[in-house]
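Biologist: Please take me through one part of this model slowly. I would like to see how a helix sits on a sheet, and which charged side chains meet around there.

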Amino acid sequence: KYWFQTYHRARRPLILVVMAQNLTDIVKLLATRRKYASFFEWIDKEGKELGVGEELLKELNSSGTLQLSNLKTCTPDPPDLTCENQLGELFAIEITEIVCEKAVRENQKGKDVFRVWHPGELQDEITNSLRRKDKVSLNGGPYKKLFVCLFTDEMMLTHEVVSKELARTSFGPFSQITDAFLLFSYQPSTQSYPVIRLSIGP
């Protein structure tokens with residue numbers, strides 16, 4: 001019951017997925033689902049990335065920053081996703097998670113632990129992630145922009161804390177990445193998925 005409540009609130013199309021998927025897939029996910037920072041976990045990698053992309057576009061569109069639509073997964077990737085702006089121009093989107101793999105392993109062993117992020121560690125993690133994504137060879141195109149959407153459900157990486165830590169931080173320069181964002185898991189108080197637009201230097 002808890003799993004369905006959590007994921008239904010996070011991703012409205014869940015009931016359609018449940019109806020469309022074999023019940024054994026759901027049982028398998030329940031048995032193998034990651035225990036740590038698991039808010040965005042899904043039945044498969046493509047569904048997880050699509051869900052993150054959906055929430056990113058929803059937040060960007062609601063803020064009036066951009067009007068993006070026609071979100072799709074890509075085969076083969078990269079990019080993970082594509083979308084279009086109001087002019088029909090194609091955008092590439094790469095998705096990557098900020099999560100402590102050691103904490104993931106320890107929780108899978110039954111240990112109830114979480115990562116304490118010290119000042120500067122998140123900045124280093126973001127820098128490394130963006131550098132990796134800037135080196136990918138994109139299929140398809142041509143693309144007007146390359147977005148990188150980092151996402152996290154880390155307990156200590158709240159929107160408020162991270163906003164203050166990265167307020168004066170700039171990343172780059174990059175040869176391909178034009179825009180980068182950090183998406184947080186669902187916040188009941190605001191009924192939204194907070195997003196930080198990361199500053200990209202020249």
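**Helix 4 and the sheet**

Modeller: Start with helix 4 in this predicted model. Helix 4 lies across strand 1, strand 2 (81-84), strand 3, strand 4, strand 6 and strand 7. Relative to strand 1, helix 4 runs at about 160°.

Now look at the sheet itself. It is an open sheet of 7 strands, and the pairing is mixed. Read across, the order is 1-2-3-4-6-7-5. Strand 1 (69-73) and strand 5 (170-171) stand at the edges. Each has a single partner strand, so one side of each is left without a neighbour in the sheet.

Step inward to strand 3 (residues 90-97) and strand 4 (residues 145-152). These two run parallel, joined by 7 bridges. To find your place there, look for Ile95, which stands opposite Cys149 in strand 4.

Helix 4 is not alone in crossing these strands. Helix 6 (residues 121-134) lies across strand 3, strand 4, strand 5, strand 6 and strand 7. Its angle to strand 4 is about 140°.

Go back to helix 4 for the charges. The side chains of Lys45 and Glu49 form a salt bridge there, at 2.7 Å from N to O. Why are they about one helical turn apart? Because Lys45 and Glu49 are 4 residues apart in helix 4 (residues 45-62). The two partners differ in exposure. Lys45 has 45% relative accessibility, so Lys45 counts as partly exposed. Glu49 has 10%, so Glu49 counts as buried; the cut-off for buried is under 20%.

This pair also belongs to a network of salt bridges. The network links Lys45, Glu49, Asp77, Asp80, Glu94 and Lys133. In total, the structure holds 17 salt bridges.

Two other pairs are worth finding. The side chains of Lys111 and Glu106 meet in a salt bridge at 3.0 Å, N to O. Lys111 is partly exposed, with a relative accessible area of 45%. Glu106 is buried, at 17%.

The other pair is back in the sheet. Arg197 and Asp179 meet through their side chains in a salt bridge of 2.8 Å, N to O. This pair links distant parts of the chain, 18 residues apart. Arg197 is in strand 7 (residues 195-200), while Asp179 is in strand 6 (residues 179-184). Arg197 counts as partly exposed, at 41% relative accessibility. Asp179 is buried, with a relative accessible area of 10%.

Key:
Residues numbered from 1 in each chain as written. Predicted model: local features only at pLDDT ≥ 70, side-chain atom pairs only at ≥ 80, totals over all residues. Heavy atoms only, no water. Salt bridge = Lys/Arg side-chain N within 4 Å of Asp/Glu carboxyl O. Buried < 20%, exposed > 50% of the residue type's maximum accessible area, 1.4 Å probe, protein only. Pairing = 2+ DSSP bridges. Contact = heavy atoms within 4.5 Å. Axes fitted to C-alpha atoms, helices over the stretch in contact; angles between N-to-C directions.
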